[in-house]
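Q: I would like a close look at a single part of this structure, set out as one connected account. Please begin with the strand pairing and then move outward to the elements around it.

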Amino acid sequence: VQWENQSAKKPTIVFLAHSGLEDRSYTSSWKPTIELLCRQNVLFVLTGYNHEETIKDTKVLESWGVTILVPPTLNPFCGLRPFLDPARDPNDLIYSNCSFVVAKGGNL
């Protein structure tokens with residue numbers, strides 16, 4: 001995210017598909033981007049592979065002081081084909097963009 005120091009216009013909305021924000025190995029690397037989006041008051045949509053993941057992502061955003069506009073919601077347009085991820089519980093099916101949360105600004 002480099003528009004802050006350049007003359008480019010800020011985006012109207014940013015889409016963070018399957019960010020993995022709730023995964024501790026990614027959380028700290030996402031924080032500078034989320035902080036910038038909040039400073040610039042940019043609307044963003046974050047999706048998860050399942051609803052539980054999006055709820056966890058939302059808890060991270062809330063802990064950072066991000067304003068949640070639309071709480072975790074099942075996506076009626078999510079992928080219809082379920083996937084198994086070998087790194088997950090074998091009963092945990094995942095779907096493309098299964099669930100989403102909408103956020104903007106906040107007190108970061």
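In which sense do E1 and strand E2 pair, and over how many bridges?

A: In this predicted model, E1 and strand E2, the latter covering residues 43-48, pair in the parallel sense, and four bridges join them. Two of the residue pairings can be named: Val 14 has Phe 44 as its bridge partner in E2, and Leu 16 is matched in E2 by Leu 46. As a general point, strands of a sheet pair through backbone hydrogen bonds, either parallel or antiparallel.

The pair belongs to an open sheet of four strands, ordered E1-E2-E6-E3, in which the pairing is mixed. Strand E1 (13-16) and strand E3 (66-74) stand at the edges; each has a single partner strand, so one side of each is left without a neighbour in the sheet. On average, and with direction ignored, neighbouring strands of this sheet are turned by 15 degrees against each other. Helix H2, residues 51-63, packs on the sheet and touches E2, E3 and strand E6 (99-106). The direction of H2 makes about 175 degrees with that of E3.

Strand E2 itself is largely enclosed by the rest of the structure, because five of its six residues are buried.

Helix H1 also contributes to these surroundings. The buried residues of H1 are Thr 27, Ile 34, Leu 36, Leu 37 and Cys 38, and they pack against E1, E2, H2, E3 and E6. Helix H1 (residues 24-39) has 16 residues, which at 1.5 Å a residue should span 22 Å; the end C-alpha atoms are 23 Å apart, in agreement with that expectation. The helix nevertheless has a kink of about 40 degrees at Trp 30, shortly before the proline Pro 32. After H1 comes Asn 41, with a positive phi near 55 degrees.

The loop between E1 and H1 contains Ser 19. With a relative accessibility of 8%, Ser 19 counts as buried, because the limit for that class is under 20%. Leaving aside residues up to four places away in sequence, Ser 19 touches Tyr 26, Trp 30, Leu 46, Thr 47 and Asp 57. Among these contacts, Trp 30 is where the kink of H1 lies, and Leu 46 is the bridge partner of Leu 16. Ser 19 and Tyr 49 are 30 residues apart in sequence, with a C-alpha to C-alpha separation of 9.4 Å in space.

Helix H2 supplies further detail through its charged residues. Glu 53 is found in this helix and is buried, its relative accessible area being 6%. Not counting residues up to four places away in sequence, Glu 53 touches Glu 22, Gly 48 and Arg 88. The structure holds one salt bridge, formed by Glu 52 with Lys 56, whose closest N and O atoms are 3.1 Å apart. Both Glu 52 and Lys 56 lie in helix H2, four residues apart, which is about one turn of the helix. Lys 56 has a relative accessibility of 42% and therefore counts as partly exposed, whereas Glu 53 is buried.

Taken together, E2 pairs with E1 in the parallel sense, is touched by H2, and is among the elements against which the buried residues of H1 pack.

Methods: Residues are numbered from 1 along each chain as its sequence is written. This is a predicted model: local features need pLDDT of at least 70, side-chain atom pairs count only at pLDDT 80 or more; totals for chains, interfaces and linings use all residues. Side-chain values use heavy atoms; hydrogens and water are left out. Two strands pair if DSSP finds at least two bridges between them. Axes are lines fitted to C-alpha atoms, for helices over the stretch in contact, and angles run from 0 to 180 degrees between N-to-C directions. Contact means heavy atoms within 4.5 Å. A salt bridge is a side-chain nitrogen of Lys or Arg within 4 Å of a carboxyl oxygen of Asp or Glu. Buried means under 20% relative accessible area, exposed over 50%, partly exposed in between (1.4 Å probe, protein chains only). The expected span of a helix is 1.5 Å times one less than its number of residues. The bend at a residue is the angle between axes fitted to the seven residues ending there and the seven starting there.
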